[in-house]
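Subject: Handover of a structure and findings

Dear colleague,

Please find below the structure that I am handing over to you. I would be grateful if you would read the notes that come after it with the model open in your viewer.

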Amino acid sequence: MPASSPPLTLDADRVLKLAAQSMFETFASTAMGTMVVDSAHRIVWIDDGYRRFLPALGHAEGDFVGRRVEDVVPNTLMGQVVESGTPILVDLLTNQAGTFLVSRLPLRNEQGKIIGAVGFVLLDHPETTMQPLIGKFSRLQAELDAARRQIAEARRPRYTIASFIGTSPAALEVKRQARRVAQTDSTALLLGETGTGKELLAHGIHAASRRAARPFVGVNIAAVPDTLLEAEFFGVAPGAYTGADRKGREGKFKLADGGTLFLDEIGDMPLALQSKLLRALQEQEIEPLGSNRIERVDVRIVAATSRDLAAMVTAGSFRADLFYRLNVLPIRLPALRERLADLEALVESLSEDIARRSGLPARSVSPEALALLARQDWPGNIRELRNTLEQAALMTDDLVLEARHFNGPMGATRDSAPGTAATTATVVIPSPPVDPPPVLPQVPLALRTLADQVAEVERIAIAQALRDNGGNRAQTARQLGMSRAALYDRLARWPDLDQAS
Ligand SMILES: Nc1ncnc2c1ncn2[C@@H]1O[C@H](COP(=O)(O)OP(=O)(O)OP(=O)(O)O)[C@@H](O)[C@H]1O
Ligand SMILES: [Mg+2]
């Protein structure tokens with residue numbers, strides 16, 4: 001480079017200035033219209049091109065220049081560009097004058113301070129000139145709207161606190177406590193026998209909380225093998241393992257961020273993981289497996305169990321510190337036998353639901369049948385009541401279910417007051433289940449694979465054991481000599497069994 005050349009920086013500076021000037025002139029001369037506003041958003045200048053839009057905007061030049069731009073150009077973002085200093089290079093502006101392809105740039109003085117903004121109308125009627133692009137844009141927009149609606153629908157809580165049927169003092173107290181808990185962000189603990197509505201109430205608490213529009217994520221701890229629980233909770237960093245999880249996986253804590261995490265069957269949590277869960281609850285921080293990285297999360301925990309956690313603490317199988325952390329706001333759900341006053345309302349609501357789901361007509365229950373139902377022990381609580389009603393409805397076309405229709409379904413149910421029940425005409429005779437086993441596909445056995453036939457036998461055995469145990473899944477697994485995780489796996493494969501259990 002010759003020694004006499006001026007320093008490069010000066011040259012570059014001049015070139016940039018020239019470029020800026022000619023770019024502005026190019027823009028201004030090719031654009032359909034140009035406007036300049038000052039730092040107070042007031043229109044200080046418009047060109048001839050822009051004047052053409054004034055009638056469509058409903059203004060004459062005299063009452064346009066000098067006004068705040070947002071007062072005379074609906075939906076403009078010029079003010080935002082002035083305030084933020086960030087240009088909006090291309091945008092679609094729509095108002096009563098039409099749709100325009102526009103560009104907006106901040107204007108700065110020598111010191112770099114924002115003194116206003118310049119706006120160009122690059123194209124009017126872009127809907128004709130840019131038809132393919134706009135068409136694609138509106139199609140994508142429509143798809144996005146539809147997807148958003150679907151997500152909102154999927155996330156909409158399935159139950160509210162009002163779905164917890166019952167007006168007995170015990171039921172009202174549960175609902176009162178649930179509403180109070182919903183107002184807070186504290187951990188809630190739902191305690192109660194199997195089938196008393198813990199999961200339903202967890203949904204209800206979420207729906208009544210400020211987190212209702214955010215995800216509700218459930219983990220059934222009993223259903224996940226111990227070795228996979230940590231990954232299920234906290235996620236796995238990409239590359240932590242080879243194989244299926246190579247890409248990494250979000251944990252349930254992360255999926256529930258901003259919303260509610262429902263920890264079902266918390267009493268089944270292995271001790272080793274309890275301390276990690278406690279830390280996550282206390283710090284609201286998680287460490288995905290293999291990541292060496294701490295992530296903050298914001299989740300409210302609702303935990304549930306049918307086990308006696310306090311006794312488990314004494315026995316050393318549940319950490320005391322975790323128990324105290326969870327037990328801040330315990331809600332005890334009464335067993336059905338403790339709130340028989342609600343039986344009629346429950347029968348009515350469950351019958352309607354059964355009818356809706358099965359497509360069969362709704363049945364009512366005669367007073368005698370109701371009295372019979374009230375004498376049962378209901379170890380499986382509302383789930384068992386539901387199954388009993390469902391089976392009785394399947395056995396007859398009668399619209400009113402009489403006591404005799406319940407003899408079959410309740411064969412496996414202990415009578416809570418044998419002294420009285422045994423002397424009445426509506427004795428429940430323990431009989432082999434009369435309801436037919438799940439219908440086998442009408443295919444000759446030899447044509448079905450061995451795996452199919454084995455699965456069918458499993459299905460029948462599980463259905464039977466669930467009935468024997470009033471829907472109690474822990475007892476069912478024990479009776480069948482299978483792990484709880486394996487049972488939940490089958491129930492996930494055959495969801496109708498769980499409904500019917
Ligand atoms: N108060 C209630 N009103 C209406 N339906 C209820 C009520 N309680 C429970 N149910 C119904 O009973 C069934 C069992 O309820 P849910 O699954 O919430 O019980 P759970 O306490 O979580 O049982 P488990 O401990 O076995 O998991 C569901 O079909 C639920 O809709
Ligand atoms: Mg449950």
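The notes below deal with the pockets, the salt bridges and one enclosed helix. Please bear in mind that this is a predicted model.

Pockets

The largest pocket holds about 1,600 Å³ of space. Its lining consists of 49 residues, and those nearest the centre of the pocket are Tyr159, Glu199, Leu200, Arg383 and Arg473. Several elements give two or more residues to this lining: helix 9 (198-207), strand 7 (216-220), strand 8 (260-264), helix 15 (343-358), helix 17 (381-395), helix 20 (473-480), helix 21 (484-493) and helix 22 (495-500). Which of them gives the most to the lining of the largest pocket? That is helix 15, with seven residues. By class, the lining of the largest pocket has 18 nonpolar, 13 polar and 18 charged residues.

The second largest pocket holds about 520 Å³ of space. There are 14 residues in its lining, and Ala20, Gln21, Pro106, Leu107 and Arg108 lie nearest the centre. Helix 1 (8-30), strand 4 (98-108) and strand 5 (114-124) are the elements that give two or more residues to the lining of this second pocket. Helix 1 supplies the largest share, namely six residues. The lining of the second largest pocket divides into nine nonpolar, two polar and three charged residues.

Salt bridges

Side chains of opposite charge can pair when their charged atoms come close. The structure holds 30 salt bridges, and three of the pairs are described here.

Arg484 and Asp268 form a salt bridge in which the closest N and O atoms are 2.6 Å apart. Because Arg484 belongs to helix 21 while Asp268 sits in the loop between strand 8 and helix 12 (271-283), this pair ties together parts that are 216 residues apart in sequence. Asp268 is buried, at a relative accessible area of 13%, whereas Arg484 counts as partly exposed at 25% relative accessibility.

A salt bridge also joins the side chains of Arg249 and Glu232, at 4.0 Å from N to O. Glu232 is part of helix 10 (226-234) and Arg249 lies in the loop between helix 10 and helix 11 (252-255), so the parts tied together by this pair are 17 residues apart in sequence. Arg249 counts as partly exposed, with 36% relative accessibility.

In the third pair, the side chains of Arg490 and Asp489 meet at 3.2 Å, N to O. Is each partner of this pair buried or partly exposed? Arg490 counts as buried at 16% relative accessibility, while Asp489 is partly exposed, with a relative accessible area of 41%.

Salt bridges also link Asp185, Arg210, Arg211 and Asp298 in a network.

An enclosed helix

Helix 9, already named among the elements of the largest pocket's lining, merits a separate note. Seven of its ten residues are buried, so helix 9 is largely enclosed by the rest of the structure. Which residues of helix 9 are buried? They are Lys198, Leu201, Ala202, His203, Gly204, Ile205 and His206. The cover over these buried residues includes helix 8 (169-182), strand 6 (188-191), strand 7, strand 8, strand 11 (300-305) and strand 12 (329-332). Of these covering elements, strand 7 and strand 8 also each give two or more residues to the lining of the largest pocket.

Yours sincerely

Conventions:
Residues are numbered from 1 along each chain as its sequence is written. Chains are lettered from A and ligands numbered from 1 in the order in which they are written. This is a predicted model: local features need pLDDT of at least 70, side-chain atom pairs count only at pLDDT 80 or more; totals for chains, interfaces and linings use all residues. Side-chain values use heavy atoms; hydrogens and water are left out. On a 1 Å grid over the protein atoms alone, a cavity is a set of points where a 1.4 Å probe fits but cannot get out, and a pocket is an open set with protein on both sides within 12 Å along at least five of seven lines; lining residues have an atom within 4 Å of a point. Grid points are joined across faces, edges and corners, and a volume is the space filled by probe spheres set on the points. Helices (H or I, at least four residues) and strands (E, at least two) are DSSP runs, numbered from the N terminus. Ala, Val, Leu, Ile, Met, Phe, Trp, Tyr, Cys and Pro count as nonpolar, Asp, Glu, Lys and Arg as charged, and the others, Gly among them, as polar. Buried means under 20% relative accessible area, exposed over 50%, partly exposed in between (1.4 Å probe, protein chains only). Contact means heavy atoms within 4.5 Å.
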